Amino acid sequence: MSGSVEIVGSFADEIGCAHGIEKLREVKAIGVRVFSPIPSHRIEHAIGKPKSRVRAFVLTGGILGIITALALTIGTSWEWNLDAGGKPVVSWPPFIIIMFELMVLFGGISAVLSFLVHARVPAFEIAEGYSSRFSEDRFGVVVRCEPADSAQVESILRDAGAEEVVRAAAWPRADGNAVVS
Amino acid sequence: MSANLAHRTPSSASDAHGSVPVASAAFKGLLVALVLVGIAAFAAALSSGNADRAWQAYLVNFLVWLGIAQGGVVLSAAFYLTQGRWAGTTQFRLAEAFAGFIPLGFILFWGLYFGRTLIFPWVLHPIAQKAAWLNTPFLFARDGAGLAIMTLLSLALVRISRGPEARAWQLSSSDIDLPPPILRKIAPALSICFAVVYSLIAFDLVMSLSPAWHSTLFGWYFFGGAFWSAIVTVALTAVILRGRLGDHNVFRNPTVLHDLGKLVFAFSVFWIYLVFSQYIVIWYGDIPVETFFIVHRVYYMPWKAISYLVVFLMWLAPFVTLLGVRPKQTPAILGTIAFGGIVGVWLERYLLVVPSLSQHVVPLGWVELLITMGFVGAFVLCALPGLDLVAAAATSGEMQEGHE
Amino acid sequence: MAAAVQDASTPTFRDIDRSVLRVMEMPGTAYWIWIAFCFSLVGIAAALWTRQIYSGLGVTGLRQPVMWAIYITNFVFWVGIAHSGTLISAILFLFRTRWRTAVYRAAETMTLFAVATAGLFPLIHLGRVWFAYWLLPYPNERFLQPNFRSPLVWDAFAVSTYLTISALFLFMGLIPDVANAREQSKGWRKTFYSILALGWQGTDEQWRHYSMAYLLLAGLATPLVISVHSVVSWDFAMAQLPGWHSTIFAPYFVAGAIFSGVAMVMTLLIPMRKWLHLEDLVTPWHFDNLAKIILLTSLVVSYSYATETFMTWYSGDKIEQMTFHMRYFGPWGYLFWVMVLCNCLIPLLLFSPRIRVNLTALWIISIFVNIGMWLERFVIIAGSLAVNFNPSQWAYYRPSITEIMITVGSFAWFLGLFSLFARLLPIISMTELKEGITWLKKALRKDYAKAA
Amino acid sequence: MPEGLSRRTFIKLAATASAAAAVPGCEPAARKLVPYVVPDENVTPGMPTFYATTCAECSAGCGLVATVREGRVIKLEGNPADPIGAGAICARGQAALQGLYNPDRLAYPMVRGEGGSLTRITWDDATRQLNDHLGAAVKAGKDRVAFLGAPQGPTFAKIVQSFLSAHASGRAVFYESLTTEPQRAAAKSLFGRRDLPVYRIDQAETLISFSSDFLETGDSPVEYARQFAAFRAPRQHHTGLDIGRSFYVGPRMSMTAGRCDRWVSVAPGDEAQIAWSIIHVLVAQRWVSQNSGVDLNALTTMVSAYDPAAASQRTGVPIEAITSMADAFGRADGAVAIGGGDDELLQLAVYVLNAVSGNVGRTMVFLDGSPAENATAPDDVAAAMTAMRDGKVDVLVIAGSNPVFTMPPAMNAAESLQKVPFVVWCGGVPDETAAMANLLLPAHHPLESWRDTWPRAGVRGLGQPVMQPVFVSRPTGDILLAAAQAAGASNLPGTTTAEAVKAEWTALASQAGTNARDFWTITRREGGYFIDAKTSAVKLNTSALTTPPPAGAQSDLTLVTYPHIFLYDGAGADKPWLQEIPEPVAQIVWDNWAEIHPTTAQSLGVAQDQIVELKTEHGVISAPALISPRVRPGVVAVPLGQGHRSYGRYAKDRGSNPWEILAPGSLRIAVKATATGATRELITPLGKSETMGRSIVEAMSVEELAHGGREEEPLAPEPYEMYAKYDYQHQWGMTIDDNACTGCSACVAACYAENNVPVVGKDAVSRGRIMSWIRIERYFPEEHEPGPNVYLSPMLCQQCDHAPCEPVCPVFASYHTKEGLNGQVYNRCVGTRYCENNCPYKVRRFNWFLPEWPEPLNLQLNPDVTVRGAGVMEKCTFCIQRIQHAEITAKIEERPLRDGEVITACAQACPTKAITFGDLKDVQSAMMRRRVDNKLRDYRALEELNTQPAIVYLRDLFREKGRA
C-alpha cells in the first residue's frame with residue numbers, strides 16, 4: 001500500500017452503512033470494501049457494481065446440458081437403433097425429459113463453480129480490515145484513500161453513524177487465522 | 001410476488017370518481033358496432049347453412065372470453081391468498097377489471113342450449129354407457145348451477161375487494177397482517193369452485209365433443225389455460241394503459257411490469273408442463289381411445305399447423321423472450337407477447353373444440369372472424385367500468401416513486 | 001431469552017446467533033442413545049439387504065403379478081418427502097416469502113437426506129443390484145447404452161440431478177452461516193467450520209456473486225423439483241395398467257409430494273423446536289403458513305382422487321372400473337379408506353385458524369398425513385398390480401419381514417442423519433433470519449397478541 | 001465296476017462340456033471344460049442326433065424321436081411316421097425324460113439286511129444271490145418262482161416266459177392297475193372276441209362319451225385328441241356348417257366333458273341306463289341300420305323298460321337331454337359312443353348303441369391281427385397273490401409296476417409280498433413295492449434299453465436305447481435272461497434283450513417279406529413297422545342281449561376316482577414337471593383333492609380347502625375339499641396318483657392314495673365323508689376364474705359362425721396410430737385355435753423341456769412364483785352366460801409389435817428383434833421387473849432364486865438355451881434357438897427359410913395341432929392361411945390396448961342350445 005491508507009468504519013445497521021457508502025462517492029476513495037453479515041440490496045445498490053456475471057455462466061451451462069443430452073440420447077439411439085415397443089428410434093418426448101434434467105444439472109453446477117471463481121473462494125487470506133463481528137452483527141466499510149483524504153473519509157463515516165472508525169493498521173484482526181482454511 | 005415495499009406514501013383516498021374514463025365515446029361506439037356486427041354475422045351464418053360453424057365459433061369465444069374474465073377474478077383471489085402485493089390497489093383493480101363480462105357470459109352459456117344438436121355429437125347419437133352423464137338436461141343443470149355460483153362469488157369478491165377495508169390492506173406493506181376476514185373466506189372458496197366448475201366445463205363443453213376420449217388431466221389443463229389467458233390479458237391491459245395514463249401512473253414503474261412479466265412467464269411454463277404431462281402419457285400409453293384425439297390434431301395437417309402455432313404463442317415465444325429481466329420490463333415486448341398469448345389461447349380453445357366436430361377442414365373464415373369480433377366488443381364494453389377504476393388507482397399516486 | 005423477547009427490539013442479531021449456535025454445542029447422552037438406536041436399526045436393515053442380494057429377491061413377499069410393492073412405495077414416499085425442502089427453500093425464495101427463513105434450512109436438510117434415502121430403494125428392489133450402473137450411460141466397447149425411453153432411466157437422471165442440486169443448494173446456503181459459526185466456536189468445530197466456510201468473509205464482492213448464484217440455483221431448483229416427482233409419477237403413468245395409466249399423475253404426484261413433505265417438516269420441526277428451544281425463531285406464524293400449504297395440497301390431492309374416480313366412471317371402461325372397484329371395496333379397500341381419512345378429511349381441520357397455530361394438533365395431523373401418503377403410494381402401486389388386465393393372474397401380496405425391516409431401517413437412517421446434522425451444522429439459517437429480522441419481530445409480537 | 005464308472009464319466013464329460021457351452025459365465029452349472037478323450041464319431045458337439053424310439057409311459061405306445069446332444073437325450077418329440085401319435089406326444093411322454101434323469105433313481109444294487117436296512121452290493125453279488133435263491137426255489141418244486149410286472153412288449157413277454165420256464169414255473173403276472181377288462185369282456189360276449197375296438201372319432205358327426213375321459217387318459221389320448229379336434233373342427237355336415245355334436249354322460253365334468261358341447265351329469269353307475277334309454281329312442285324312431293345284425297325285436301323288448309320318461313325318472317336326467325342325445329346320434333351321418341370306467345354292462349350298452357346305429361365297422365372298428373392280450377386277467381392276478389400269501393412262491397421278481405401302491409386293500413399285496421421269502425425288485429425310483437423287496441436291482445429306463453411294442457394291429461413299435469445309461473443299471477430283460485442262462489436253460493430268445501428284440505424283428509421281417517438287414521435298418525430309423533390293418537367284420541351275437549338289471553342300489557355318497565391326466569395311477573408322481581403343471585380343469589398342483597358339489601359340501605359341512613375324511617369299508621383317506629359345481633351332487637371325486645409313501649422326493653408324502661379305499665376291479669365305491677377341522681390349502685397358480693368380459697379367451701356360438709360371424713367395431717376413430725411401422729425380414733407369429741385346444745398341457749411340458757424352465761415346488765407356486773412360460777388359461781363362463789363348459793387356451797408371450805414391456809426396460813434387456821420377436825437378453829437384465837408390470841398378459845417370469853436341477857436332472861438341460869440366474873426376468877421367445885438353428889442351416893445351404901422348417905416346442909407337441917407357427921411375412925405360410933381361412937373366428941388377446949400381438953387366436957365354438 002504505497003502511501004495510501006485504509007480506514008475501517010464499523011456500523012451497527014445496514015441502512016446507515018449504505019448511506020455512508022453513498023456519501024463516500026464525494027471523496028475520491030481508491031477503493032471501498034464492505035463486509036456484511038447478511039446480503040443487502042441497499043449496500044449493493046450503494047456500491048453500484050454491475051450485475052454478477054454468474055448469470056451468463058449458468059445460461060451457458062444450461063445450454064451445454066441440453067446439447068449433451070441431445071448427443072447422448074439421439075447419439076446412442078442411432079448407435080444401436082433398437083426397436084422397443086414400436087416407439088421411434090428418436091423418441092422426442094422422453095428425450096426432452098433427459099434434456100431438461102441435464103440442463104438443470106449443468107446449470108446448477110456451473111452456478112456454483114462460477115460463484116466460487118468470481119467470489120474468489122476458497123479464500124486463503126483475510127481481506128484487509130476484516131473482523132469476526134462482520135460475520136456476526138456488524139457492517140464494516142473499509143476505505144482505501146490518499147492519506148490526505150483520510151480525515152474527510154473518517155468524518156463521513158462517523159456522520160453516517162459508524163460506531164468506531166480507525167485505521168486498518170490499528171484494527172484488531174480478530175481470529176484472522178481461522179479464516180485461512 | 002410481494003416486492004420489497006420499503007417506504008411508501010399512504011394512499012391518497014382517491015378512487016374511480018373524478019378521474020377521466022379510459023374509453024372515449026367514439027371508442028365505445030366502435031365497440032357497440034363490433035357487437036352488432038357479431039350478432040349479424042351469427043344470424044347470417046345460422047340462416048346461410050353455416051349453422052354448425054356459427055355455433056362452434058360461439059362456443060370457442062364463449063370459452064375464451066368467459067375464461068379470461070373469470071380467470072382475472074381468480075387472479076385477484078390468488079393475490080389475497082398469497083398476500084402478494086406489488087402494485088397496491090392497482091393490481092387488484094386490474095385483475096378484477098373484466099369481471100363485468102362474467103354475468104353476460106353466464107347468459108351466453110344458456111345460448112348454447114339452442115345450438116346443442118350442432119355442438120354435442122351425443123345429443124343426436126346418444127352413447128348408451130355414458131348417457132347417465134351426457135344428456136342435455138343434466139349437463140345444462142350442473143354447468144348452469146356451477147356458473148351461477150361462480151358468477152355470484154366473483155361479483156361478491158369484486159365488490160368487497162373494492163371496499164375501503166380491503167383497500168387499506170392492499171396498501172399496507174406488512175406481509176404479516178392478513179386480509180380482511182370476509183376475503184379470507186371468499187378467496188379460497190372462489191378458487192376451489194373455480195377448479196371444480198371449470199373442470200366440469202372442460203369435461204362437458206370440450207371433452208364430450210369427442211365422447212370416446214377422456215383424460216384425467218384435462219380439467220386442470222383447461223382452467224390452467226384460462227388462468228393464463230387472464231394473466232396475459234392483464235399484462236396487455238397494463239401495457240396499453242401505461243401509454244394512455246400520462247407520465248404518472250403505476251405502470252411506469254418497471255417493477256410492476258417486471259412482476260407481470262414474471263407471471264406471464266411462470267404460468268406459460270406451467271401451461272406447457274401440463275401439455276407435456278398429458279401428451280407424454282398418451283404418447284407412451286399408445287391406447288387408441290386416447291391417442292386418436294392427439295394424433296388427429298398433432299400428426300396431420302391442417303390441424304398440425306395450428307397445434308404448433310399454439311405452442312409457439314403460448315409457450316415458446318413467452319419463454320424465450322421473457323427469460324431475462326430487461327424484456328419483462330420493456331412494454332413493447334411484454335405487450336406483443338401478451339397479445340400473442342391471447343391469440344394463442346383463442347386458437348388453443350378453437351383447436352380443442354372444432355376438430356372434434358369438423359375432421360378435415362379448418363373452418364376459419366368470416367363467420368368465425370366476425371363472431372369473434374362481436375365477442376371482443378362485448379367483452380371490452382363490459383370491462384370498461386372496471387378499467388376506469390384501474391386508471392383511477394394507477395394514477396392515484398399511491399405508488400408514485402415505486403421501489404428502489 | 002424468554003425474558004428478552006418482551007422487548008420489541010429483540011431478537012437482535014446476537015440473540016439469533018446465540019440461540020442457533022447453542023444447538024450446535026456438545027449434545028448429551030440422550031442424544032447419543034437416540035443416534036445409536038437409529039443406526040442399529042440401519043444395521044439390521046443392511047444385514048437383511050445383504051442376505052437378499054445373496055439369495056435373491058425371493059426373500060421378499062413379491063410375487064406374480066405384484067412385482068413392485070413396498071420398496072417402490074418407499075422410494076416414491078421419500079422422494080416426495082424431499083420435495084417440500086426445495087419448495088420452501090427455492091420456490092418460496094423466488095416468491096420472496098418472508099416466513100420461509102426460519103424453516104428452510106431444516107427443510108432443505110430434510111430434502112437432502114430424504115433423497116439420499118429414496119435413492120437407496122431403486123437399488124434395493126433390483127434383481128441384480130451389482131449391475132445397477134448399467135442404467136447410466138458410460139463408454140463401453142459394445143456401445144451398450146441405457147434405454148432413454150425408459151422411465152427408470154429418467155428416474156436415474158432426475159433423482160441424481162436432484163440429489164446434486166439440493167446438496168449444492170444446501171451447501172451454498174450454509175457458507176455464510178458456517179463462516180459465522182467459525183468465528184464463534186473453538187476447537188475442532190472451529191477447524192471444521194473454517195474448512196466448510198471456504199474462507200468466507202462476506203465482502204460485498206462475495207455477496208454480489210453469491211446472491212446471484214443462489215437466486216439462479218433457486219430458479220433452476222424450482223422446475224427441477226416439479227420435474228422430479230412428475231418423472232416418478234410417470235414410472236406408473238407410462239404403463240397401460242389401469243390405476244397407473246392416468247394423465248393427471250404428474251401434477252397429482254407433485255402435489256402429493258409437497259403435501260407429505262411439508263407434513264414431514266412439521267413432524268420434525270415441532271419437536272425440534274421444543275427440544276432445542278427455538279421458540280423465538282420458529283414461531284406459530286411459520287407453522288400457520290406451512291399448514292396453509294398442507295391444506296392447499298390436500299385439496300389438490302382430493303381433487304385428483306375425485307377426478308380419477310369420475311373419469312373412470314365416465315370412460316365406461318369396464319376394466320378400469322373394476323380396478324377402482326377393487327381399490328375401494330377389494331381386500332385392500334380399508335387401506336384406501338384410511339388413506340382418504342388421512343389425506344382428504346383430517347387436513348380439512350386446517351381450515352380453522354385456531355388449529356393452524358395449535359402445534360400439538362398440527363403435529364398429530366402431520367403424522368396422519370405421512371401415514372396417508374405412504375398408503376396412497378402403496379395402494380396405487382401394489383393395489384393396481386394385483387388386479388391387472390388378466391384375471392387369471394390376480395393375486396394379492398403380503399410383505400415379508402425383510403421388506404418391513406428395511407422400511408423401518410430407512411426411517412431410522414433418515415432420522416439418524418438428520419439428527420447428526422442438526423447438532424453439527426446450523427439447522428436454522430442465521431443469515432436469513434437476520435436479513436428478515438423485521439418480519440421475525442412482527443411475527444413474535446403478533447403471536448403474543450394472539451396468545452393474549 | 002470299471003465299465004459302469006467309465007459310462008458315468010462319459011456322460012459327465014459330455015454334460016459339463018455342453019453345459020459350459022450352454023451357459024456363458026453366468027451360471028455355476030459350468031464348472032470346468034473337459035475335452036473328449038476319445039471323440040465319438042456319432043457325436044458332433046453342438047449338433048443334435050435324433051433317434052426314433054417308442055414311448056413306454058402308457059399302453060398307447062406312441063412313437064418318439066429323441067433329440068440327443070453330446071450323448072445326452074435332452075428332448076422327446078413325437079415320431080411323425082408313427083400312426084398313433086402322428087408326431088405328437090402328451091405331457092407324460094415329454095416327462096419320460098425326468099424318469100430317466102430322476103435324481104432318486106436307484107444307483108446300484110442293494111440288498112435288504114435283517115433289520116430291513118439296505119446295503120449296497122456289487123452286481124456280481126446281486127446276481128449270485130439271485131441265482132442262489134432261484135436255484136433253491138427250483139429245487140423246492142414247480143411254480144415256486146413268479147414274475148410280477150407291467151406288460152412291456154411282446155419280446156419282453158417272451159423273455160419272462162423263458163425265464164420262468166427255465167425255473168420250472170408258469171407264474172407270469174402282467175399286472176395293470178387300470179385294466180381294460182370290462183371292454184374286453186363286453187366285446188367277448190357281444191362279438192365273440194376279446195380284443196379292444198378302435199374308434200374313428202373323426203369319422204363321426206356325433207359323439208357320446210359315457211364317463212370315458214379319452215382326452216386325458218384311456219386307450220390312446222394323443223390319437224383320440226387328434227381325432228376329436230378334427231371332429232370338432234367346423235365343416236360342412238349334412239345339416240350345414242357345423243362342428244361335431246358331442247355329449248359327455250358322467251358324474252363329473254372332466255376335461256373331456258368340458259370340451260364336449262354338453263355335460264350330462266348322471267349319478268355314478270347310471271350311465272348304462274342312459275345308454276339303453278338312447279337305444280330305446282333309436283329303436284322307437286327306427287333310427288337303426290338294417291344291416292347291423294341286431295335282432296330288433298329282441299332289442300325292443302329288452303329296452304322296453306328304458307323309455308326316456310322312465311329312465312329320466314330313475315336317473316334324474318332330464319328327458320330332453322336323453323332325446324336330444326338320441327336325436328343327434330340317430331340323425332348323424334356317422335356317430336360314435338365311447339364307454340369308460342369299470343362297468344362291463346355299460347360297455348355292453350355302448351357297443352350295442354354303436355351297433356344298432358350301424359357304426360360298428362365305421363366309427364368303431366375291430367382290426368384283423370390284433371396282438372394277443374398282454375395283461376393278465378384280474379382274477380388270475382388275484383389268484384397269484386393268493387398263491388404268494390399261501391407261501392407257494394419262494395422267489396418273486398417284480399419289474400415295472402407298483403402293486404403295493406396300486407392294488408386295492410382286498411388284494412393284500414403287501415401281505416402277499418411279505419409271505420414271499422425272496423422278492424427281487426427291478427426298476428428306477430424305489431417305490432412302495434421296492435420297500436418290501438429283499439433285493440433291489442437298478443433297471444434300465446426304457447429310453448436306455450431295447451424293447452418293442454405292439455399296441456394294436458398293424459402297429460409294431462421298435463424301441464432302441466437313445467443314450468448310454470445314466471446309472472449303473474441293467475435292462476430287466478438282461479437280468480432275467482442271465483438268470484435263465486445260469487439255470488442252464490437253452491433256446492432262449494437271446495442272451496440279451498438286444499438280441500431278443502433283434503431276433504423278434506428278424507422274424508417280423510420275414511412276415512413283412514423283406515430281407516432282415518434292410519428291415520432292421522428301416523424300422524430302426526422309422527421307429528417301428530407300421531401297416532394298415534384291415535377292419536374285420538364282426539357279427540353281433542344277439543343272444544348276449546339279456547335284459548340289463550335296473551340301476552344298482554344308489555349309495556347317498558359315492559366316491560368316484562379316476563386316473564390323473566399326468567400322474568395316471570401314480571406312476572407319474574415322481575416327475576416334477578407332471579407335479580407342477582396344473583391339472584387343466586382344477587388347475588391344482590402338487591396335491592390331490594376331493595371335488596365336492598356345493599350342495600353336498602353344505603350338507604357335509606365342509607368348505608374349500610377343508611380336509612374331508614373319506615371312509616369306505618376298505619379304509620380311510622383324507623383330502624382337502626375342492627368345492628365346485630362341476631361334479632354331481634352326492635359324489636366325491638378324487639384323482640388317483642398321489643399319496644406315495646416313497647417313490648422319490650417329488651412323490652413322497654403328497655396327498656393321499658385313493659387306491660387304499662377302493663374295492664378290487666372298481667374305481668367307484670360308496671363312501672362316508674366327514675369334515676375334519678383341519679385345512680390344507682389347495683395350491684393353484686390361478687387367480688380369478690371369470691373373464692369379466694375381457695378378451696383374453698373368446699368363444700362364439702356355432703350358430704353365430706354359421707350366420708357369418710360378428711362384425712368387429714373399430715378400436716377408436718381413425719387415425720390413432722402414434723408411431724411409424726417398423727419393417728422386419730421375418731416376423732414370427734402364431735395362429736392358435738382355441739376350438740382345437742383340449743387343455744392337455746403337452747405344450748407346457750414341451751416348453752419346460754425345451755427351454756430349461758425350472759420347477760419351483762409347491763410352496764413357491766403358492767407364493768405366485770411358478771415359472772412356466774406357457775400356461776393353459778382356464779376360465780369358466782359366468783352363470784347363464786353363453787359359452788363353452790370351460791375355456792381352455794394356451795397363453796404365452798404374444799410377441800407384441802407394440803409391446804408395453806419393451807420400452808420401459810432401462811437397459812434394453814427387453815427389446816424387439818429384427819424378426820419381430822419380443823427378445824429378452826438374460827445377461828443384460830438387471831431385474832427391475834418393470835416389464836412384467838406392464839405386460840397385460842402376465843407371461844413374463846422372474847427368477848426369485850437361483851434355480852436348481854438336482855443331479856442328474858441337469859443333464860436334461862438344453863445346451864442351446866441359457867440357464868437363467870437369480871434376479872433375471874425370463875419369458876417365451878418362440879424357441880428362438882430353433883429359429884436360429886433353422887436360419888443357419890438355410891444360410892449354409894444358401895436357400896431361403898421354408899415354411900414349417902421352424903416349429904416351436906409347444907406347436908410341435910400339440911396333439912391337436914391347435915398351435916400353428918410361421919412367418920407373418922409369408923402370406924402362403926400355413927399359419928397365415930389358417931388365419932385367413934378362419935377370419936370369422938379370429939381375435940387378438942386384449943386387442944383394445946393396441947399391443948398388436950403376433951399371435952392370433954381363433955375363437956372356441958360352443959352351442960347356444962344344449963349346454964348343461
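**Figure 1. Burial and surface of chain D in a predicted model.** Of the 964 residues of chain D, 62% count as buried (under 20% relative accessible area, with over 50% called exposed and partly exposed in between; 1.4 Å probe, protein chains only). Chain D exposes about 33400 Å², of which carbon and sulfur atoms supply 54% (Shrake-Rupley method, 1.4 Å probe; for residues, only the protein chains shown count as cover).

**Figure 2. Fold and dimensions of chain D.** Chain D contains 28 helices and 40 strands (DSSP runs numbered from the N terminus: helices are H or I with at least four residues, strands are E with at least two). The radius of gyration of chain D is 28 Å, close to the 30 Å of the globule rule for 964 residues, so chain D is as compact as a globular protein of that length. This radius is taken over C-alpha atoms, and the rule is 2.2 Å times the number of residues to the power 0.38. Along its principal axes, the C-alpha trace spans about 95 × 80 × 65 Å.

**Figure 3. Close-up of helix α19 of chain D, residues 516-526.** Buried in this helix are D:F519, D:W520 and D:T523. They lie on the same side of α19(D), because they cover an arc of only 100° around the axis (the arc of the directions from the helix axis to the C-beta atoms). The face turned away from the buried side carries the exposed residues D:R517 and D:R525.

**Figure 4. Cover over the buried residues of α19(D).** This cover includes β20 (459-463), α18 (497-512) and β21 (528-530) of chain D, where contact means heavy atoms within 4.5 Å.

**Notes.** Residues are numbered from 1 along each chain as its sequence is written, while chains are lettered from A and ligands numbered from 1 in the order in which they are written. In this predicted model, local features need pLDDT of at least 70, side-chain atom pairs count only at pLDDT 80 or more, and totals for chains, interfaces and linings use all residues; side-chain values use heavy atoms, with hydrogens and water left out.
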